[in-house]
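Please open the model in your viewer and keep the selection tool at hand. The stops below are arranged so that each selection leads on to another.

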Amino acid sequence: TSAPAAVLTVNPIAPIILSTPPLAATAVQGRSFLFGPITINNTPATFTATGLPAGLSVNAALGTISGSPTSIPTPNPATIVLTATNVTGSDSRTITLTVQAPPPVITSAASHLGRVGVAYTFKVTASNTPTAFAASNLPAGLVIDTATGEIKGTPTQAGTTTVQLTVTN
């Protein structure tokens, strides 16, 4: 007599994400971003992510997060939960992603005229929500308001001056 054949199924071990928490990254709104790949054990079948800011996606095979954030999330930083899953189970890690505004670009005129002894006002303007303004080599008698970007005063000398403007956010 012979014994009936037995079927033995060996499932893989649940995936283990080896990247050490906390995981953190910084992206810039409107610019290309790549995070990962994540180091894992026990080959997962797929990666998923929740809490991704608009414009970002997860590569289901590699666990990379990529794209270009289209806006600054609320709250910022965003909390992303990345999960690796296979037939046996899953493992997750939290990634903290801060999305920064792109750097400001000065949009005001590149040249402007003033007159000696006459009150002068010029507003430096810039894109991407500037928070601070600076100017070096201003003509004598002029100052810049570092919060608003307004250059004002009364010029005391004639001449052409190249002013270095800096805008930050």
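Begin by selecting β5 and β8, which pair in the antiparallel sense over five bridges. In this predicted model, Thr 46 stands opposite Thr 85 of β8, and these two residues serve well as labels for the pair.

Extend the selection to the whole sheet. It is an open sheet of four strands, ordered β2-β9-β8-β5, and its pairing is mixed. Which strands stand at the edges? They are β2 and β5 (46-50); each has a single partner strand, so one side of each is left without a neighbour in the sheet. Turn the view to look across the strands: neighbouring strands of this sheet are turned by 30° against each other on average, direction ignored.

Next, select Asn 86, placed in the loop between β8 and β9. Is this loop residue buried or exposed? Asn 86 has a relative accessibility of 8% and counts as buried, because the cut-off for burial is under 20% relative accessible area. Show its side chain together with the backbone of Thr 88: a polar atom of the Asn 86 side chain lies 2.9 Å from the backbone nitrogen of Thr 88.

Now display the side chains of the largest nonpolar core, which has 16 residues. In soluble globular proteins, nonpolar side chains tend to be buried together. Within this core, the residues that touch the most other members are Phe 33, Phe 35, Ile 38, Ile 65, Ile 95 and Leu 97. At least two core residues come from each of β2 (23-28), β3 (33-35), β8 (78-85) and β9 (90-100).

Select Ile 65 from this group and show what surrounds it. Neighbours within four places in sequence aside, Ile 65 is in contact with Phe 33, Leu 34, Phe 35, Leu 52, Leu 56, Ser 57, Val 58, Ile 80 and Ile 95. Apart from the largest core lies another core, of eight residues, including Phe 122, Val 124, Ile 144 and Val 167.

Two of those names return at the next stop. Select Ser 108, in the loop between β9 and β10 (120-123). With a relative accessible area of 16%, Ser 108 is buried. Leaving aside neighbours within four places in sequence, Ser 108 is in contact with Phe 122, Lys 123, Val 124 and Thr 125.

From there, move to the sheet that contains β10. Three strands make up this open sheet, in the order β10-β13-β12, and their pairing is antiparallel. β10 and β12 (142-144) stand at the edges with a single partner strand each, so one side of each is left without a neighbour in the sheet. The twist from one strand to the next averages 15°. Zoom in on β12 and β13 (residues 150-153), which run antiparallel and are joined by three bridges. Here Ile 144 stands opposite Ile 151 in β13.

Finally, select Thr 168 in strand β14 (residues 164-168). Thr 168 is partly exposed, with a relative accessible area of 37%. Which residues should be shown with Thr 168? Beyond its neighbours within four places in sequence, Thr 168 is in contact with Pro 104, Pro 130, Thr 131 and Ala 132. Add Pro 103 to the view: its C-alpha atom and that of Thr 168 are separated by 6.8 Å, while the two residues are 65 residues apart along the chain.

Notes:
Residues are numbered from 1 along each chain as its sequence is written. This is a predicted model: local features need pLDDT of at least 70, side-chain atom pairs count only at pLDDT 80 or more; totals for chains, interfaces and linings use all residues. Side-chain values use heavy atoms; hydrogens and water are left out. A nonpolar core is a set of buried Ala, Val, Leu, Ile, Met, Phe, Trp, Tyr and Cys residues joined through side-chain atoms within 4.5 Å. Buried means under 20% relative accessible area, exposed over 50%, partly exposed in between (1.4 Å probe, protein chains only). Contact means heavy atoms within 4.5 Å. Two strands pair if DSSP finds at least two bridges between them. Axes are lines fitted to C-alpha atoms, for helices over the stretch in contact, and angles run from 0 to 180 degrees between N-to-C directions. A polar contact is a pair of N or O atoms within 3.5 Å; within protein, one must be able to donate a hydrogen and the other to accept it, and residues adjacent in sequence count only if both atoms are side-chain atoms.
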